[in-house]
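Please open the model in your viewer, with the sequence panel beside it, and follow the stops below in order.

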Amino acid sequence: MKVKSGNRELFESLLRFPKRDVFDCVPLHYLILKISGMGCITPRAGVRNGSTMTTLLDVALFMINLILAVTMMIYGVFITQRHLESPIMFIGMKMVNFTCYASTIYGLISCFINRHEIWKFYNEAHAIDAMLESLGQRTNFTRSFALFVAYYSVAMGTCVLVIAVMYSANLPWMLMLNLSYSYFSLTTFHILSLTCLDVVRARNVRLNQVFRKQFSLQSNIVDAPLLTVFDPKQTLMLRQIMQIFDKISDLADKGSFYYGIQIMVSIAGSFVYLLFYTFAFTLVIRSVLPVEGVFNAGPIISYLMFAYNVFIVAFYGNALKQQMVSRPLYASLLDVVMFMLCDSVVLTLLRMFLMQLGHRSPMITCGLFPFDWTLIFSILSTAATYIIILLQFESAGSPSG
């Protein structure tokens, strides 16, 4: 019996307004994944059941993107001619090319191996949305879809702008293709990883809103905090909130499993470019490289774009890490538990919830390090160390050195 695909169902939901659930927003994300070779799957009919399959078209798209990435890496590393006065900078540009494409190849292969997990990720998000809706927090999916389209358009528009600037410089067509595909791949990785962070963060924000509404707390200098809202349903509400928080933490774990590689790929490519462009700036100051070779529109826009990629991932990751239940509310809950100023059953559940908050948090990682402000500090310190080393090599290799 031939298995029926859910493509028609997906494309019909793409044109449905207003958006009713997360699967009305998924089709555009799914197309971006599929075209870029990072999500070569086909959902089966009944897309909300989480079942997927792999067709010949999926395998063909993956192979085309993989072959293109390998070809561009070989071209960039071994064929392009030397045209820079600094040998260190020449090696650096080769490393930028190699890192971008090696990361892309690794990301493509990893995404293909774990391709079926993406649908499980959105099934989990769909289940959480249903639980939040039962507590009175419905998501505005039409607004979420519009924001995704706007952000994707701006990001890809920036890529087109950079490519247009490079085209005006009369670069060889093969080099143009090499640079264009690397920008497209890294920007796509960035958009998809940021989408993952926002899917988890948005649901955690709504859970905080539910908690504040159902468990309002007030305190003054004399008295300990009191629960200003209390009724027999509060115990059931608290159990549901604890269950949703646990599911959001599971969603973050699934996001780390599938998207952690994509985020790491985006940051690795951005870091290497930022490192060697900053090094090129120091060479301009030392009159090793010409000013026009570094300070023109293409490199400057690229530098700002890659710096933004790293910053926004750290910002969203840190916001998600610090959020949980907001810190003032967490402190008030702790005081309530310490002074026991609520019903004994609710008190027991609050203690369990505090323990849950202390041991679990919805945080996206790549398995090696979390994505938060510590990522920025690590990048800055590492870049400073490498630039000092590169300057020492450059001075030793120069005639004056």
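A residue is called buried here when its relative accessible area is under 20%, exposed when it is over 50%, and partly exposed in between. By that criterion, 50% of the 401 residues of the protein chain count as buried. Please keep in mind throughout that this is a predicted model.

**The whole chain**

Begin with a cartoon of the protein chain, in which you can trace 13 helices and four strands. Of the contacts in the chain with a separation of 6 or more, 81% are made by residues 24 or more positions apart.

Next, colour the stretches that UniProt, in an unreviewed entry, lists as "transmembrane region": residues 56-78, 90-113, 145-169, 181-200, 257-280, 300-317, 329-353 and 373-393. Two of these stretches repay a separate selection. Residues 145-169 are 96% helix and 0% strand, with 37 Å between the end C-alpha atoms, and residues 257-280 are 100% helix and 0% strand, with end C-alpha atoms 36 Å apart.

**The largest nonpolar core**

Now select Trp 119, Tyr 122 and Ile 364, which touch the most other members of the largest nonpolar core, a set of 110 residues. The largest share of this core comes from helix α8 (residues 234-285), which contributes 26 residues.

Which residues does Ile 364 touch, once those up to four places away in sequence are set aside? Show side chains around Ile 364 and you will find Cys 196, Leu 197, Val 200, Ala 252, Gly 255, Ser 256, Ile 263, Leu 320, Pro 370 and Phe 371.

**Aromatic pairs**

Turn then to the rings, of which the count comes to 16 aromatic pairs. Select Phe 23 and Trp 119, a tilted pair with 6.1 Å from centre to centre and 50 degrees between the planes. Because Phe 23 lies in the loop between α1 (7-14) and α2 (26-35) while Trp 119 belongs to helix α5 (residues 117-134), the pair ties together parts that are 96 residues apart in sequence. With a relative accessibility of 1%, Phe 23 counts as buried, and Trp 119 is likewise buried, with a relative accessible area of 1%.

A second tilted pair is formed by Tyr 277 and Tyr 303, whose ring centres are 4.9 Å apart and whose planes make an angle of 40 degrees. This pair links distant parts of the chain, since Tyr 277 is in helix α8 and Tyr 303 is in helix α10 (residues 297-323), 26 residues apart. Buried or partly exposed? Tyr 277, at 12% relative accessibility, counts as buried, whereas Tyr 303, at 27%, counts as partly exposed. Extend the selection to Tyr 183, Tyr 273 and Phe 306, and you have the cluster that ring pairs form together with Tyr 277 and Tyr 303.

**Charges over rings**

Two further rings have a charged partner to look for. The charged end of Lys 19 sits over the ring of Phe 17, at 4.3 Å from its centre, and Arg 115 lies over the face of Phe 112, 4.2 Å from the ring centre.

**Helix α2 and the residue after it**

Select α2 next, a helix that is largely enclosed by the rest of the structure, because seven of its ten residues are buried. The buried residues of α2 are Val 26, Pro 27, His 29, Tyr 30, Ile 32, Leu 33 and Lys 34. Moving on along the chain, you come to Gly 37, which follows α2 and has a positive phi, near 80 degrees.

**Two buried aspartates**

Asp 58 is found in helix α3 (residues 56-79) and is buried, with a relative accessible area of 0%. Its side chain reaches the backbone nitrogen of Thr 55 at 2.9 Å. Leaving aside neighbours within four places in sequence, Asp 58 is in contact with Lys 34, Cys 40, Ile 41, Thr 42 and Met 53; of these partners, Lys 34 is one of the buried residues of α2.

Finish at Asp 129, which is in helix α5 and is buried, with a relative accessible area of 8%. Not counting residues up to four places away in sequence, Asp 129 touches Val 22, Thr 139, Phe 141, Arg 203 and Arg 206. If you draw a distance between the C-alpha atoms of Asp 129 and Arg 206, the separation is 9.6 Å, although the two residues are 77 places apart along the chain.

How values were computed:
Residues numbered from 1 in each chain as written. Predicted model: local features only at pLDDT ≥ 70, side-chain atom pairs only at ≥ 80, totals over all residues. Heavy atoms only, no water. Core = buried A, V, L, I, M, F, W, Y, C linked by side-chain atoms within 4.5 Å. Buried < 20%, exposed > 50% of the residue type's maximum accessible area, 1.4 Å probe, protein only. Contact = heavy atoms within 4.5 Å. Phe/Tyr/Trp six-rings, centres within 6.5 Å; stacked < 30°, edge-to-face > 60°. Lys NZ or Arg CZ within 6 Å of the ring centre and 35° of its normal. UniProt positions renumbered as here; feature names shortened; annotations may be inferred. Polar contact = N/O pair within 3.5 Å; in protein donor to acceptor, adjacent residues only side chain to side chain.
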